[in-house]
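Here is a walk through a protein chain for someone meeting it for the first time. Keep the sequence and the 3D view open side by side as you read.

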Amino acid sequence: MVYGLEDKLVVGISSRALFDLTMENALFEEEGVESYRNYQIAHENEILRPGPGFALVKALLDLNKLPGGRDRVEVIVMSRNSPDTSLRVFNAIRFYDLAITRAVLVSGASLAPYLEAFKTDLFLSAHEEDVQAAVDSGIAAGIICENPVHEYKEAAGNSPIKIAFDADAVLFSDESECIYKKKGLAAFEENERKNAKLPLMEGPFANFLKIIAGLQKEFQPENVPIRTALVTSRCAPAHERVIRTLREWDVRIDEAFFLGGIEKKEVLRAFGAHIFFDDQSTHTIPASEVVFSARVPTPVKELRGKEEKERYGDKQQFSGMYAKERKDKREAV
């Protein structure tokens, strides 16, 4: 019988996100793949310490132990390691009794083609190229912040999993944020006030939030094992459009913090997030001192769209000028 992934939350995580491979990665970068391979084989019976994403993964896998008669989460190790160097990772998985049985090991190749093949809903890695490719494919993905001085603690008892999101360029598109960057706060607030009843466009993590919302609905309100938070630099009057958009999507956000420029770090500490997603390193780096954090890159197609619009103006104007430019180039060859 074929094992299906369609009705599960599928999380792909790199070995560096799951376990502490700081020293081993430094060896790889300084001395190359052969030294890395020899070291991993020689030390494959030494158990790796938990990495930044360990507590999140353990908590997600614990969802499968709850009543309901089904496995809700599938975690797959997706690594650029070779099969030959992976035994140390599998030994650590067994030591910590993590219910992870599947892996993608590509010996340095790109992981991008396999993310859709495994129906990945969330991908976490320190490798920026793989994360960028995932986001470009419409998959929620984050570049993990590796903070060598902090080990994130597991939640005590039956505490819920806590996931925190930034708003613009994460849950929503960065269309409104671009107005702020180009024209300033007053123009941004006026745009949001004017369009308060117009839903924001979906961002890279919109579908992931909807999947989480679906899981939440399987439980009675008092027993929901996942809690979400919106932690955004927006504030009134830019709050209304966000709330109406979430209502339009029929998703729940348990806690919302409209900070208006207040630093996010202490709010995330108080919330106790297992993970925080933001598109700006100015937020994820300080946040990583207290919670596991991941930066969400902008999809390349959006970047290209902005560049084209800046260069050619509106779409109709762009279409004609772009066609002319392509024609000029062909004739010049």
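Let's start with Arg234, which sits in the loop that runs between β7 (226–232) and α11 (239–249). Keep in mind that what you're looking at is a predicted model. Is Arg234 buried or exposed? With a relative accessible area of 3%, Arg234 falls under the 20% cut-off, so it counts as buried. And what does its side chain meet there? The side chain of Asp168 is joined to that of Arg234 by a polar contact of 2.7 Å. Leaving aside residues up to four places away in sequence, Arg234 also touches plenty of others, including Ser176, Phe188, Glu192 and Leu200. Val242, Phe258, Leu259 and Gly260 are on that list of contacts too.

One of those neighbours, Ser176, leads us to helix α8, which covers residues 175–183. Ser176, Glu177 and Cys178 are buried in this helix, and Cys178 has a relative accessible area of 18%. Right after α8 comes Gly184, with a positive phi near 100°. You can find a similar topic at helix α7 (residues 128–136): just after it, Gly138 takes a positive phi of about 85°. Within α7, the buried residues are Asp130, Val131, Gln132, Ala134 and Val135.

While we're on cysteines, Cys145 is buried as well, at a relative accessible area of 13%. How many disulfides are there? The count comes to 0. For anyone who hasn't met the term, a disulfide is a covalent bond between the sulfur atoms of two cysteines.

Now step back and look at the sheet. It is an open one, built from 10 strands in the order β3-β2-β1-β4-β5-β10-β9-β6-β7-β8, and the pairing is mixed. Which strands stand at the edges? They are β3 (102–105) and β8 (255–258); each has a single partner strand, so one side of each is left without a neighbour in the sheet. From one strand to the next, the twist averages 25°. For a look at one pairing, take β6 (residues 161–165) and β9 (residues 275–278), which run in the parallel sense and share 3 bridges. Ala164 has Phe276 in β9 as its bridge partner.

Next, go to the start of the chain. Leu5 lies in the segment before β1 (9–13), and it is buried, with a relative accessible area of 13%. Try finding Lys119 from there: it is 114 residues away from Leu5 in sequence, yet their C-alpha atoms are 6.9 Å apart in space. Lys119 is also among the residues that Leu5 touches, along with Val10, Glu74 and Phe118, if you skip residues up to four places away in sequence.

A little further along, helices α2 (residues 22–31) and α3 (residues 33–42) pack with their axes 7 Å apart, at an angle of about 145°. On the α2 side the contact involves Met23, Glu24, Leu27, Phe28 and Glu31; on the α3 side, Val33, Ser35, Tyr36, Tyr39 and Gln40. Sorted by class, the contact has 6 nonpolar, 2 polar and 2 charged residues.

Finally, the whole chain. It has 15 helices and 10 strands, and 47% of its 333 residues are buried. Among contacts between residues at least 6 apart in sequence, 75% join residues at least 24 apart.

Note on methods
Residues are numbered from 1 along each chain as its sequence is written. This is a predicted model: local features need pLDDT of at least 70, side-chain atom pairs count only at pLDDT 80 or more; totals for chains, interfaces and linings use all residues. Side-chain values use heavy atoms; hydrogens and water are left out. Axes are lines fitted to C-alpha atoms, for helices over the stretch in contact, and angles run from 0 to 180 degrees between N-to-C directions. Helices (H or I, at least four residues) and strands (E, at least two) are DSSP runs, numbered from the N terminus. Contact means heavy atoms within 4.5 Å. Ala, Val, Leu, Ile, Met, Phe, Trp, Tyr, Cys and Pro count as nonpolar, Asp, Glu, Lys and Arg as charged, and the others, Gly among them, as polar. Buried means under 20% relative accessible area, exposed over 50%, partly exposed in between (1.4 Å probe, protein chains only). A polar contact is a pair of N or O atoms within 3.5 Å; within protein, one must be able to donate a hydrogen and the other to accept it, and residues adjacent in sequence count only if both atoms are side-chain atoms. Two strands pair if DSSP finds at least two bridges between them. A disulfide is a pair of cysteine sulfur atoms within 2.5 Å.
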